Amino acid sequence: MISMMGGLLLRRCDPDSDMGVIVNLERAIFRPSEQYTLGFINWLCRNCTRYSFIAIMDGKPVGYIISCIEGFGRGHVISVGVLSEYRRRGVGTELLRRSICEMVRDGVDYVILEVRVSNTPAITLYRKLGFEVRDLLRAYYSDGEDGYLMVLDNERFRGFVNRYCSVTKQPT
Ligand SMILES: CC(C)(COP(=O)(O)OP(=O)(O)OC[C@H]1O[C@@H](n2cnc3c(N)ncnc32)[C@H](O)[C@@H]1OP(=O)(O)O)[C@@H](O)C(=O)NCCC(=O)NCCS
């Protein structure tokens, strides 16, 4: 386990034992229409382990992030969430910093994610870290809501790396 800040621990997701933890968090955080299938979570846990983390506070899992490297140098934040009673304490920020910095270590030079256009908390957080809206994804979600494609690249990517990644690098 790796101590990050006051009472918050981040640990890398273990595909053999953390599937249930991630599923439970996902069920608690997202509406049923927004949840991934068990099969997809299983696939993600197995294939994106290096960049996926669970946040622990008060001795229990309170948040998670799943990210993957796809193709040439592209990082993709696939899912991030924090239990409602633990929000606005920096957990989401730490999960994103850690996951993105691990992908940077493995060579990504930009990061993308998708977000519902109505998701102001998440959009605010992503903007704060340097992401910007690059495209509108019409009816991207299964309930018909549009999404934004947000990207962290160029100077804002370099700014992120300079600001966050030297201090968050940890031995594997
Ligand atoms: C988005 C989410 C992960 C943020 O997690 P968090 O731990 O609360 O985030 P942080 O505490 O690190 O917030 C960092 C900053 O983001 C912004 N932010 C976070 N929540 C916000 C809100 N409800 N309203 C406005 N700004 C918000 C703020 O600028 C905040 O800094 P501040 O608290 O100093 O003002 C969390 O709200 C969540 O799990 N939401 C439901 C799941 C979800 O929508 N996931 C994203 C799917 S793309």
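In this predicted model, helix 3 is mostly covered, with 12 of its 15 residues buried. The buried positions are V91, G92, E94, L95, L96, R97, R98, S99, I100, E102, M103 and V104, a list in which charged side chains such as E94 and R97 stand beside nonpolar ones such as L95 and I100. An α-helix has 3.6 residues a turn, so residues three or four places apart point the same way. The length of helix 3 agrees with expectation, because 15 residues at 1.5 Å a residue should span 21 Å, and the C-alpha atoms at its ends are 21 Å apart. After the helix comes G107, whose phi is positive, near 105°.

**The core and M150**

The largest nonpolar core holds 38 residues, among which F53, A55, Y64, I65, L95 and M150 touch the most other members. Helix 3 provides the largest share of this core, 6 residues. L95 thus appears both among the buried residues of helix 3 and among the core members with the most contacts. M150, another of these core members, touches I112, L113, V115, Y126, F131, E132, V133 and R134, when residues up to four places away in sequence are left out of the count.

**The shell around the ligand**

Which elements each supply at least two residues of the shell around the ligand? They are strand 5 (74-82), helix 3 (91-105) and helix 4 (120-129), and helix 4 gives the most, with 6 residues. In total 19 residues surround the ligand, and the closest are R87, G92, T93, P121 and L125. By character, the residues of the shell divide into 8 nonpolar, 7 polar and 4 charged. G92 is listed among the closest residues to the ligand and is also one of the buried residues of helix 3.

**The protein as a whole**

The protein has 5 helices and 8 strands, and from the N terminus on its elements run β-β-α-α-β-β-β-α-β-α-β-β-α. Its radius of gyration is 15 Å, close to the 16 Å that the globule rule gives for 172 residues, so the protein is as compact as a globular protein of that length. The C-alpha atoms fill a box of roughly 40 × 40 × 30 Å, taken along the principal axes. Of the 172 residues, 31% count as buried, and among contacts between residues at least 6 apart in sequence, 58% join residues at least 24 apart.

**Exposed positions**

Most residues other than glycine have a negative phi, and most peptide bonds are trans. D58, however, has a positive phi near 50°, and A139 has a positive phi of about 50° although it is not a glycine. Each of these two residues lies in a loop between strands, as the table sets out, and A28 in helix 1 is listed with them as a further exposed residue.

| Residue | Location | C-beta neighbours inside 10 Å |
|---|---|---|
| A28 | helix 1 (residues 19-29) | 12, exposed |
| D58 | loop between strand 3 (53-57) and strand 4 (60-70) | 9, exposed |
| A139 | loop between strand 7 (132-137) and strand 8 (147-152) | 10, exposed |

A28 counts as exposed because a residue with 12 or fewer such neighbours is classed that way, and A28 has 12. The C-alpha atom of A28 is separated by 20 Å from that of E94, a residue 66 places away along the chain and one of the buried residues of helix 3.

Methods: Residues numbered from 1 in each chain as written. Predicted model: local features only at pLDDT ≥ 70, side-chain atom pairs only at ≥ 80, totals over all residues. Near = placed C-beta within 6 Å. Helix = DSSP H or I, 4+ residues; strand = E, 2+ residues; numbered from the N terminus. Expected span 1.5 Å × (residues − 1). Buried ≥ 20, exposed ≤ 12 C-beta atoms within 10 Å, placed from the backbone. Core = buried A, V, L, I, M, F, W, Y, C linked by C-beta atoms within 7 Å. Contact = placed C-beta atoms within 7 Å. Rg over C-alpha atoms; globule rule 2.2 N^0.38 Å.
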